[in-house]
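Me: I would like a close look at one part of this chain. Please pick one residue, start there, and work outwards to the rest of the fold.

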Amino acid sequence: MRDLGAGFGYLVKGQQWVGRHGRWFGIGLLPGLITLVLYAGALVGLAYGADDLVSWATPFAADWSSPWQGLFRGFLTALTWVFGLFLAVVTFTAVTLLVGQPFYESLSEAVDRSEGGEVPRSGLPLWRELWISARDSLRIVIRVALYGVLLFALGFVPVVGQTVVPVLGFCVTGFFLAEELTAVALQRRRVEFRERLVMLRGRRMLTLGFGVPLALAFLVPFVAVLLMPGAVAGATLLVRDLTEDRDEAEPGHPAPDEHPYAAQDPHGHPQTGQDPYASRNQGPTPAPYGFGKDEARS
């Protein structure tokens, strides 16, 4: 339970941080406002077009007598709009982070700098960071959609569907929301998608303490925009906690800026240091640091 409170504490600290640094709060609002306008337009369009969409998708109900046709199609219309709203809530953070990638990465670096110690940088070009962010966000959306379908089906179970399922739904949403926000700081630290999930599952209550209150707040669109800069700042503070645990568990794990391949001559050869894994690597020489696993394969 202490981790649950600590996770919420990081959310509060993040809001306090942007409150003390007004410039970053203003910069962090812009991507959220852009995304909000896009989503509002899409939802309004869905509200007006849902009837026609349902009628097109259910031609077999065209000859049904009243009131069954109206009830059936009305239910599907409402369900379509609710599903669209669900997708909007689930994907809002991912799209906002993608739109504001340069802004939020700079904000995250500023938080690390203010807390002292190393300020990790990925060293990747912007287009590559955007590609990784979009790819990982799609992975998250697919996972959330699968959970959403399962929970929607369980929602028809009496009692359980009206009590346990909504709680599970917010836990799932909060967990993956926390993953998306911490990805900004973890991607700078070269932590890949699967490792990020392992880290967050290892501190599940900490993650839920951060993500679930945020998921509840993000149900209100304008609140989501206002909280977004502080959410990125709080996620960076949470990442510092998670990576400290990892470094303690793996004391020999080099920080991104301390990797033996970080310093290279103009020809791409390391100037100092040796590969600490040379004794275990009998195959080709590993790719120089500055390329992740995905880049090394491509």
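Reply:
**One serine and its surroundings**

Ser 133 is buried, because its relative accessible area is 9% and the cut-off for buried is under 20%. Keep in mind that this is a predicted model.

Where does Ser 133 lie? Its place is helix α5, residues 126-154. Leave aside residues up to four places away in sequence, and Ser 133 touches Leu 98, Gln 101 and Gln 187. We will follow these contacts outwards.

First, the helix itself. α5 has 29 residues. From its first C-alpha to its last it reaches 42 Å, close to the 42 Å expected at 1.5 Å a residue. Which residues of α5 are buried? Ser 133 is one of them, next to Ile 132 in the list. The nonpolar residues Val 144, Ile 140 and Leu 151 are included too. So are charged ones, among them Arg 128, Glu 129, Arg 135 and Asp 136. Ser 137 and Gly 148 complete the list. Here is a rule to hold against it. An α-helix has 3.6 residues a turn, so residues three or four places apart point the same way. Try it on the numbers 129, 132, 133, 136, 137 and 140, which all belong to buried residues of α5.

Now take Gln 101, one of the residues that Ser 133 touches. Helix α4 covers residues 101-115. It has 15 residues and spans 21 Å from first C-alpha to last, close to the 21 Å expected at 1.5 Å a residue. Gln 101 is buried in α4. Tyr 104, Leu 107, Ala 110 and Val 111 are also among its buried residues. So are Glu 105, Ser 108, Glu 109 and Asp 112. After α4 comes Gly 116, with a positive phi near 85°.

Leu 98 is another contact of Ser 133. Helix α3 runs over residues 68-99. Phe 92 sits in this helix. What does Thr 35 touch? Its contacts are Phe 92, Val 95, Thr 96 and Val 99, not counting residues up to four places away in sequence. Thr 35 itself belongs to helix α2, residues 22-57. It is buried, with a relative accessible area of 0%.

Phe 92 also leads us to the aromatic rings. The whole structure holds seven aromatic pairs. In one of them, the rings of Phe 92 and Phe 218 have centres 6.5 Å apart and planes at 85°, so the pair is edge-to-face. This pair links distant parts of the chain: Phe 218 is in the loop between α8 and α9, 126 residues from Phe 92. Both partners count as buried, Phe 92 at 7% relative accessibility and Phe 218 at 6%. Phe 175 and Phe 176 make another edge-to-face pair, with 5.3 Å between centres and 90° between planes. Phe 175 is buried at 7%, and Phe 176 at 6%. Tyr 39 joins Phe 92 and Phe 218 in one aromatic cluster. A ring can have a charge over it too: the charged end of Arg 23 sits over the ring of Trp 24, 4.6 Å from its centre.

The third contact of Ser 133 is Gln 187. Helix α6 covers residues 160-188. Past it, in the loop between α6 and α7, we find Arg 190. Its phi is positive, near 60°, although Arg 190 is not a glycine. Most residues other than glycine have a negative phi.

Next, the core. In soluble globular proteins, nonpolar side chains tend to be buried together. The largest nonpolar core here has 50 residues. Trp 17, Leu 181, Phe 210 and Leu 214 have the most contacts inside it. α9 gives the most to this core, with 11 residues. Leu 181 touches Phe 210 and Leu 214. Beyond four places in sequence, its contacts also include Thr 93, Leu 97, Met 228, Ala 231, Val 232 and Ala 235.

Finally, step back. The chain has 10 helices and zero strands. Of its 298 residues, 40% are buried. Among contacts between residues at least 6 apart in sequence, 76% join residues at least 24 apart. How confident is the prediction, and where is the pLDDT below 50? The mean pLDDT is 78, and 82% of residues reach 70 or more. Over residues 254-298, the pLDDT is below 50.

Notes: Residues numbered from 1 in each chain as written. Predicted model: local features only at pLDDT ≥ 70, side-chain atom pairs only at ≥ 80, totals over all residues. Heavy atoms only, no water. Helix = DSSP H or I, 4+ residues; strand = E, 2+ residues; numbered from the N terminus. Buried < 20%, exposed > 50% of the residue type's maximum accessible area, 1.4 Å probe, protein only. Contact = heavy atoms within 4.5 Å. Expected span 1.5 Å × (residues − 1). Phe/Tyr/Trp six-rings, centres within 6.5 Å; stacked < 30°, edge-to-face > 60°. Lys NZ or Arg CZ within 6 Å of the ring centre and 35° of its normal. Core = buried A, V, L, I, M, F, W, Y, C linked by side-chain atoms within 4.5 Å. pLDDT = per-residue confidence, 0-100.
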